[in-house]
Every structure is written in structure tokens, then in C-alpha cells.
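Colleague: I should like to go through this structure with you, beginning with its salt bridges. Could we then turn to the strands and the surface?

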Amino acid sequence: MSLFKARDWWATVLGEGEEFDQGCLCVGDVDNSGTGFDKVVVGSYMGMLRIFSPHLSKPGEPSEADAQLLEVHLRDPIIQVELGKFVSCSELLHLAVLHPRKVSVYAVSGMAGNVEHGDQYQLRLVYEHNLQRTACNMTYGSFGGVTGHHFICIQSMDGMLMFFEQETYAFGRFLPGFLLPGPLCYCAHTDTFLTVSSARQVESYRYETLAVATDADTRHEGEQQSKSSGKRLQADWTLILGEGALDIYILSFSSSSHSIFVLGERSLYCLKDSGQIRFMKKLEYNPSCFFPYAAVGEGTSNVLMANHNNMLLVYEDITLKWAAQLACVPVAVRVANFQELKGLVVTLSSEGHLQCSYMGTDPSFFTAPKVEAREVNYEEVDAEMRSLQKIIRETTRTQDILPRADIEDDLIITASVSTDLDAVSQALLPEINGTAVPSVTVQIKVKSRNAVQSPKITVCVQPPLAVSQDQFVLDSLGAGAQTVVTLSAFLDGLYPPADLTGDVAAYYSSPTELNPAGVPRVTQCKFSLPLRLLCSPTAPLKSAKYKITVDTNKPPVNLNQVFPEFAVKSDDKEGGALAFRFITGSSVSVLASKSSQRYRIQSENFEDMWLIAKELVQRFDGHFAKQGVNDFRNSFAGPIPLAEYFEIVDHHFELRVNAEKYQDLLSERAVQFRAIQRRLLTRFKDKTPAPLQNLDTLMEGTYRQVIALADRGRRTLQPAPGCCLSVQPPTWSSCW
Amino acid sequence: MSQSVLKLSQNDLSRERKESDSALPISEAAWSLKTRALTEMVYIDEVDVDHEGIAEMMLDESSIAQVARPGTSLRLPGTSQGGGPSPAVRPMTQSGRPITGFVRPSTQSGRPGTMEQAIKTPRTAHTARPVTSSSGRFVRLGTASMLTNLDGPFINLSRLNLTKYAQKPNMSKTLFEYIFHHENDVKNALDFAALATEHAQFKDWWWKVQLGKCYYRLGLHREAEKQFRSALNHQEMVDTYLYLAKVYQRLDQPITALNLFKQGLDHFPGEATLLTGIARIHEEMNNITSATEYYKDVLKQDNTHVEAIACIGSNHFYTDQSEIALRFYRRLLQMGVYNCQLYNNLGLCCFYAQQYDMTLSSFERALALVSSDEEQADVWYNLGHVAVGIGDLTLAYQCFKLALAFNNDHAEAYNNLAVLELRKGRIEQSKAFLQTAASLAPHIYEPHYNLATLAEKIGDLQSSYAAAQKAEDAFPEHVDTQQILKSLRQHFAEL
């Protein structure tokens, strides 16, 4: 993520299918030309050694071939190239090339050509060492404080440091606790070697300590001796990083102060000599390589960092100063001075992209791709828009988020209630107050007009009425198919229901062309249960607490005709009186006046009268309709019994308030219960068991409280629906 | 080729044959290398992992005060302190925080106050949270071991001699990371770390941090805190500060976390991750002004910090400075952030900054870049807003419909659609939409308020009152709601 990209000054691609890594890049005045300008030395795992002297190509000149000074195939893979004073009796820079089993030191020399092709460069082998162990990386420096010479230290894959004092092999030492090789670096100021071991710590070894430690070649025998002689190799200091490291650099500000830079896999560390952290920065990306260099400012250091998101970042200490986009992920980065330009960033990617670039304000590579632009023909667009609008308008009419009522349902359900009560009652409660509870069969016919998918039927009746099965899942029906389900309805509570009607709802999905899974639809129908389900005939009462008088405009009818199933075989042939005894206990009497056109409903229980009154009015309507009388009216003349009504409302309200109170109390106790549980949990989790301090008793007590409250709440709720029902009927009757 | 070599080394190790020559160290090295590689494949920085399940949230024994003082808890984001924006200006998340400019794991988690609330919170496909964090995502991450190797896991943990490996400092750290990150076997990791720290004589800060990480995963926050503290005593590290602050945030002690971050900044001045941590806490505490200050500090350290730019940008947007917000978003675009959300934000900023020519093309690009239905729904929703703004109600209607077609749980779209339906005079439809919106997102006040107004108009005072009360719960300072409530109360009193 950056605003700018690094500006290419010079770039080339090396070889084809060659592989490069961290150590393969090195810059310096390799041919000792004395100009102070750098050349770029690149070695590859395929064994190619190349030297470049990049310069800005002038128009019309062959660029690449001109910049390349040398290309040699060395047969063995090149792991690392370094420039240093590796040859005794010479102050000149020589090139050390590390192969897996060999380290070679070459002299590079240039001769001025006497033809127009330019200078000629040569590679001359000065000396080489064959290695006993496979090499991993190397470092060089004036070990032990020698002046004017550089020695080489090679780390092998199995953890041996091999020291070469120029043409001679000095000694080898095994690093203690070694598993996998880490980056290696020599610090001249303290004469120490720094590495990051597999234990994920920076380890610093003094050259002296290494030199006097037991010889690696005699290690096996030496192990026994080491305890007594005290020559066992020990790190000068260690610092635990907790992560693997990619690279280490030493950066000197002046002759006295210097810093150790360690690039971890996830952080950048800057350490002091003694191994304390000077500063660190947590990186929010995966770094690939870095290169610290001294900043212009006093006491600050700059770090060039490259990451796997193709970014080149410049930090001053930990503050990001510049971020530039690169074309590829570099594995090595250096700063070099060339003839035309100083301070160029040289980067090498693993595929061999060698770039010399500088920071510039070229915008980054990223440009948003163009949205497919098409020629706008306004007439066509208008026409398309119109046709689309038309389609939208039409579809909005037919289908919407909220479904519209269909004129015809795909599924037709009809419910029929059998006229007789079941011979064997299906009721769950066998008897209430000593009376057997009857049940009645309801038959639901399902007929499909079109194919419907997975219809489900739900039956719902007013509590405390119940049905033997309230949900049916049917198989998908084809067009014109028909199925029948049956169920039984019965009373399942100690109080009468407010209403005898029931609802049947069928839920199904009808597939359409666009939506093969089906559009969900619902259809429903009603049925009404017989009064016989609730009451049986009994002897009428002459007087009762509550009375309602219904006036009609027609002469009185024989109640036995209106309620044939309740006709009591008694001497009252005129049907002037009829009584209903509810299974739940109470009874209601209906008295027909012989002279006037009035009927009286009376009962000990105000709310029970509703069902009978409603049934009576319904049956009268039916009766007179059958006789062809159209102008039948009935009315209620007396004052509305509001006092009784309000009493019931009050009672209902009280119950509701109680229920709410219990609910609150219950949630309060539940919170308390959880709090105790939590405390107990902490106690049990403690390693040192603390006394429970009666928490268990408290928990037990709260548990009992919760249970008791739940019980009480349930008991309050139980009458509540009954009471709710008892509010409902008077409310309706007062409206009517 | 390499596969067979590694396989061999594994067998060597499991059989624990002691061979006298150097074959064993080499096989150990290869084994260690493969372990590292496998870990790196699934490595996620533990600082960023945050997954709080309902059980962890409700049964944490560490919460001290249920009703914390304002400004000391993350659970009750104070609405007024520090001049936090009101929900009328900046939309709120379910937990009552203003929505942030950058999606982080913790911004998606609402913290319901009680168990009841947690259970009652409506669950759409996006807000569903796992019941505990030990199931769900971590387990899914843990199955990586099954996928990589057809012959079963690379290391059979149950057969591993933990004590033996804990005594090898050059292998133990790699092995631990493998157990923790790749196998996700926190209990074994904990045992291993305990053995290793013992072997290191309790002097290695790294092992203490790992112990802390294990304890944190197991929900033992106090123990985790102890380990992290002890690790800090040995060695100051940025990561340790971040972990410890994360523990304090989970313990709902944002002030302590803030102090800790500041302490960390004393040691590592200008560390961007610490500054970001402070900014995030301020943002979660609804103290947007301070959060913005800290985000600016982050940008001083690292001016390519996407989170900081996005958060400052969104803050400018919601404080009616869409031109400035536009500059921030444009910067993100120039930096190479190229996604649907950015173009969506650019489109909105352009619209409110009255650069109408750019608005639609930004949204066009946003639509071209969508990666999921939810994003598409959001873009269409915003387009609907623009359409309302330019007065094209038909287009707005269609946009909101499209938003719903892509995300059926888009409560805001339901709400706006309801308003449009009401303008058309379709009261029943409007009511249905408002009710849907209110049930999908009880935390936004608009549907409640609209429902209250609608119900009042059609004379359903009871539902109007109920809805107005819900609106008041969601946004207590909303003046219009107050007025409705006042007039309704007056009306009821007169009856």
C-alpha cells in the first residue's frame, strides 16, 4: 500500500529460470578501480557469477551488454558472495565466493581495451578451500583485531563455525545447542560473532572464547574434559527474541557507537552491544530482507526494508519515512554509489530481477481498471429503460415482498365436525368433577387445485380445548389430489373455553416457473365444535345470581327444538326451560317466557353465560332462517351488568400483575443463582482450595427459591388464561 | 523426494532410536523445519484473534461491578462523554457503539449486558455468535492438520513425550507453536509450555507469554494476566504489552488497558501497534475525538496505516465533513486499496460533498467489485439513499428492494422502504416493513420511531406508545420521540 513506486534507474533480468537468495548480491569496487564507485556482483544458485557496472543508457547505445562487465559459469551453486581484503600481502579487495563444499577467492581485474569494444575484465582464482561440511553462510572481518586483513568465518549446515585466516584454515568450533543455521554476523567493535539460534535467541560469541574453546574435531573426547578444563563454548550474552530471524547487520554510527539490527520474522529489533533492546518495531507484514544504513541525522539510523507485498519501506528508527512500490519481492537489498548517481537502492528478486532504483513521486503501479465503457446511444437506452420499467411495474403488481391475497388458492381445505360424539373418548383427562369428558372427531379434507409442495396443516382451538394432533405433515400433492386427516377435539382443562370455533391453517409452497422451490402460501378455514363437547343437559334452576334477558320480536319457540340434543325427556313438552351443565361444574339455565317474546339466561357464574347466550342467538338465527323469517331481531334491553364485568376485569388485571411480579422475581433469583455459580466456579478453579464459606448452602437455597418461584408463577399463570377467557365473553356480550 | 525424507525422520523420532552417529540431529533439523513450515501455513497473529462466545461473555467470573461507572467499562458505552456522536448522525452497532471505519474482530461483537439480552438478541445470519469460543472457529482452524497430510497428522500429539522435548530448547519453541497454532490443542500446549518454562527455570519470558496465551484461550484471564506481567518483568516486548492489554479489554478494564498501552509507549515510543490499540479502545468507549487524535499519531509514525486512514475518514464523514473524508478515502485508493467498501464510501462522500458526477460512477465500481451479497445489499442501500437525496423516489424504491433481495436481513432498507410505502399511502405494507425492521434490529431507533408515528396517525395509540418506548430505549436523547411520548402520556392522562 503506497502512493508511489520506486523509480527505475537501471534494471535487468538475469538468466532464465535461475534462482537467487539473500547472500547472492554484493556491491563494491570489485575491480579496485579506485574511483570509489560501486559495481554490483550477483551469483546464482545455478553457478553463474555476474558483475555489472550500471549506468544510464544514452539513447542509441546498446545498454545491457555494455553494463555487464563479466559473466562466468562456476559450475557449483553460489550461496554467497562477499568483497573483502582476503588475500595476504595485498590491500586490494578480492571476491570471496561460497559454494556448498568450497570457498574460493578471486581477483577481478579490468584492462583497458585498445579496440572500440571497451574494457576487458578477468576473473582470476587466488586460492580456494574445500570444505568438509556443507556450508550455509559466511561472514568476514578482521577477527581478533588484525588490521588490513579480512578473515572468513563459514557456518556449516550442522552448526560448525570454520575460520579461515586467508590462505590457511585456522580452526572450527561447534555452536552449542545447534539445530538449524541462522544468520551470522561479525561485529568488529566487540570482536564477537552474532547469530540467531534455533532456540530463537540472539547469541553472541567472543572470538577469543571461540578460539580457546575445545576443538571441534576433538569434540567427542573433549566433552568429558570440558567440564574440568572449563573451555566449553558459552555465549557472551543471549537475548530471547521468540521468533526466527532473517538477517543481522551491524551498523556503526561513529567509531564509538554502533547498533545491532536483527530482522525477525515479525519484528525489527535494534540492540545495543550488551544485548539490550534499543528499540523494536512490530511489523504488520512479512519482511523479506532489510539493509540498515547510517542516516544523515545525528544518532538515528535508517533501515531499508522490503516485504512480501512488493514494498520498499524506509524507516528512520521506527518512523516510516517513505514507502515505495517495487515490481517484485526482493530477497536482497543494498545501497550503492554509481558514477552518475549516488545512493541508489539495488534490489535482487529470487527470479533474478536486478534493479537500481531511487525514490520518486511517480504514482504507484496501481490504477483502477476502467469500468467497461460503452457508447451511449440515448434512444436505445431510453427504449431499454422503458421496457425494463414496464417489466418492473408488471412484476410489482403480481409479486412483491409482501404476498398479495390470491383470488384462488391452490389448496382447498374444508373441515367437518362429526355430528356425534366419539364412542370412545379420546380426551386426555378421563373425567372432570366426576363427569366423563367426551370428544368429537373433526375431519379435514385437503384438495389441491394445482401441484403443491410439502403441505403442512396446523389445527388450533381455543384453550382449554385441545385436539389429539395439532400438526400434520403431508406429502406433496399433485394437481387434483385429495387427502383426509382426522383428529379429535376435547376439553383439556378445568374451565370452559371462550369460544368453540377452531382454525385450520395449511402451509404449503406452490412452485412457479421462476421459483421451482415454491412460493410459500397459507390457506385457512374455520370449524365450530358442538356444545355437547362441554355440557350435558340437566334440570333447570328456578333462580340464580346472574340473569340476562334477551328480547326478540317473534313469538317464543320450543327450546327443545332449538337444542334438540339437550332435550331432556321430561314432562316439559313446551320446552319452556332448558339447563346446561358444564363438565367443569357450573350450570346455566335458559327459560323461555310463555307470554312475552323473551328468554332468560341465568346462572350462578356470570362468565359462563356467554357461551350459552351466543349459542342461543346463533341457533335462533338458524331456526328462523330455516322457517323463512327474515326480520328476526333480538336485543338486550336491561342495563348492561357493568359492575360484574368490571369485577372480572379487575380480577384478571390482578392476576396479570401477579404473574409479572413473579416473572421479575424469578429473573432476579436466576441472576443471583448465576452469580453464586460463578463464585463457586472460581473457588473450584483455584489451585489452592479455599473454604467454600457456605456458598454451597447459599446455592442450594437459591435453587430452592428459584424452583418455588417458578412453581408459584406457573400457578398464577394457570388461572390466568381461564380468567382471560372469562374477560373475553362478557366483553363481547357487552358489545352486542 | 523431500516428503519421503521427512517421513523417515518422523519415524526415527517416534521410535526414538538412539543412533550414535549424527543422523539424529539432521533428522531433527528436518523435522523442526517441517514443523515450522506447517505452522507458518496457518499462522495468525494471536493479538488479532478475538472471538468471544456467549458462554465466555456471561459466565466470566471476573466482572466485578455489573453497573460500572460511566467511562470505565466497555459494556456500557457512554453516549455523551467525549462528545460521541448521536445515533441520529452516526449509525450504531448492536452493542450501542458508533460504527467504525475499519472492520476488526472486536467491532463485530456486541456485548450484551445480561444473559437474557444475549439470548434474546435477534440472530440473523451475520450476527449469530458461537455459544462458546472453544468450539466453532478454533476447531475449524484446527482441522488444518487433517488436510495437509493424508496419512493423518504430522505429529501424533498423544504419543509425543512432552517432557523430553520440553528439555530441548532448540526444538521446543517450534514444537509449541505447532501445537498451538497448527493443532490448536491448547491444553497440550499449556502442559508443554509449563514443562518448558520449568526447564528454563522460569527465566524465559517467551514461555511465560505462551503460557499466558494458552490461559487466555482457556478463558483463565487472571492467570494469563499473571504470566504476561511476569514476562514483562523479564523483558519488555511490544507483543507482551498487546497481549496483556487484550486480557484487560476482555476483563472489561479499558482504563487499565489504556494505562498499560501508555506504559508500553514509554518503553517503545511511537510504536504504531500500541497507538492503534489506544485509539481502538477510545473508539470502543465512544470517545471519538481522542480516538481520532491517536489515529493521527499512528499516521505520524506510519502514514500508510490503512486502519487509521479509514477511521479518520469515516469520522470526518459522520461529522459532516465529507470533503475531508473524501481526501482520506482518495488517499486509500491511491495507495492501492481497491475494493467495494472503499468505492462505496467514496460514492457517499462524493454525494454529500455535492460532486454528483463522481457519485454514480463510484457506486458503479463498487457494484462491479462486490464479493458477497451483503456488500451488494449495502451498496444498493446507499444508492437508495442517493436516490432519495435527488428526489427520484421510484429509483430509491427499487434500490431498497434490491438491497432486500440481496440481504433479507437489512433492517435499514426495510425501514426506508416503509417510509416510501407510507408516502404512497400503503399503510399496511409500511407497517409490516417497520415491524420487520424493528424485529431484525431492535438497536436502531428509526423503525421504532417511525412505527410510533404511523401508529399514532392511524389512531393505534397503544402500539404507538409501545414503539415510542422502544425508540426511547434505543436513543434516549431523540427529541421527536420524547415529543410523541409526551403527547401520548397527556392523551392517556386525559382519558
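**Salt bridges, strands and surface**

Modeller: Let us start with one pair: B:Glu307 and B:Arg280 form a salt bridge, with the closest N and O atoms 2.8 Å apart. Please bear in mind throughout that the model is predicted.

Colleague: How many residues apart in sequence are the parts that the pair B:Glu307 and B:Arg280 ties together?

Modeller: B:Glu307 belongs to helix α16 of chain B, whereas B:Arg280 belongs to helix α14 (residues 272–284) of chain B. B:Glu307 is buried, at a relative accessible area of 5%, while B:Arg280 is partly exposed at 27%. Because the two partners sit in these two helices, the parts they tie together are separated in sequence by 27 residues.

Colleague: In which helix do B:Lys300 and B:Asp297 both lie?

Modeller: B:Lys300 and B:Asp297 form a salt bridge whose closest N and O atoms are 3.5 Å apart. B:Lys300 is exposed at 60% relative accessibility, and B:Asp297 is partly exposed at 27%. The two residues are 3 apart, about one turn of the helix, and the helix that holds both is α15 (residues 288–301) of chain B.

Colleague: Is A:Arg266, which forms a salt bridge with B:Glu40, buried or exposed?

Modeller: The closest N and O atoms of B:Glu40 and A:Arg266 are 3.4 Å apart. This pair crosses between chains, from helix α2 (residues 23–42) of chain B to the loop between β20 and β21 of chain A. B:Glu40 is partly exposed, with a relative accessibility of 37%. For A:Arg266 the value is 15%, and under 20% counts as buried, so A:Arg266 is buried.

Colleague: Which residues are linked with A:Arg266 and B:Glu40 in a network of salt bridges?

Modeller: The search of the whole structure finds 24 salt bridges over all chains. The network that contains A:Arg266 and B:Glu40 is completed by A:Glu265 and B:Arg36.

Colleague: Why is strand β21 of chain A described as largely enclosed by the rest of the structure?

Modeller: In a regular strand, side chains alternate between the two faces of the sheet. On one side of β21(A) are A:Ser267, A:Tyr269 and A:Leu271, on the other A:Leu268 and A:Cys270, and all are buried. Strand β21 (residues 267–271) is therefore largely enclosed, the count of buried residues being 5 of 5.

Colleague: Which residue takes a positive phi in the hairpin of β21(A) and β22(A)?

Modeller: β21(A) pairs in the antiparallel sense with strand β20 (residues 258–264) over 4 bridges, and these two form a hairpin with 2 residues between them. With strand β22 (residues 277–282), β21(A) runs antiparallel over 5 bridges, and A:Ser267 stands opposite A:Lys282. The hairpin of β21(A) and β22(A) has 5 residues between the strands, and the residue with a positive phi, near 90 degrees, is A:Gly275.

Colleague: Which strands stand at the edges of the open sheet β36-β34-β38-β39 of chain A?

Modeller: This sheet has 4 strands with antiparallel pairing. Within the sheet, β34 (residues 453–461) and β38 (residues 501–510) pair over 7 bridges, with A:Thr458 and A:Ala505 as bridge partners. The edge strands each have a single partner, so one side of each lacks a neighbour in the sheet; they are β36 (471–473) and β39 (519–528).

Colleague: What is phi of A:Ser454, a residue other than glycine?

Modeller: A:Ser454 is placed in strand β34 of chain A. A:Ser454 is partly exposed, with a relative accessible area of 32%. Its phi is positive, near 35 degrees.

Colleague: Is B:Asp320 buried or exposed?

Modeller: B:Asp320 lies in the loop between α16 (306–318) and α17 (322–334) of chain B. Its phi is also positive, near 65 degrees. Since over 50% counts as exposed, the relative accessibility of 69% makes B:Asp320 exposed.

Colleague: What is the area of the nonpolar surface patch that includes A:Ile640?

Modeller: A:Ile640 lies in the loop between β45 (634–636) and α7 (642–685) of chain A. A:Ile640 is partly exposed, at a relative accessible area of 44%. Together with A:Phe636, A:Leu642 and A:Phe646, A:Ile640 makes a nonpolar surface patch of about 350 Å².

Note on methods:
Residues numbered from 1 in each chain as written. Chains lettered and ligands numbered in written order. Predicted model: local features only at pLDDT ≥ 70, side-chain atom pairs only at ≥ 80, totals over all residues. Heavy atoms only, no water. Patch = residues over 30% accessible without salt bridge, like charges linked within 9 Å, V, L, I, M, F, W, Y side chains within 5 Å. Areas by Shrake-Rupley, 256 points an atom, 1.4 Å probe, with all protein chains shown as cover. Salt bridge = Lys/Arg side-chain N within 4 Å of Asp/Glu carboxyl O. Buried < 20%, exposed > 50% of the residue type's maximum accessible area, 1.4 Å probe, protein only. Pairing = 2+ DSSP bridges.
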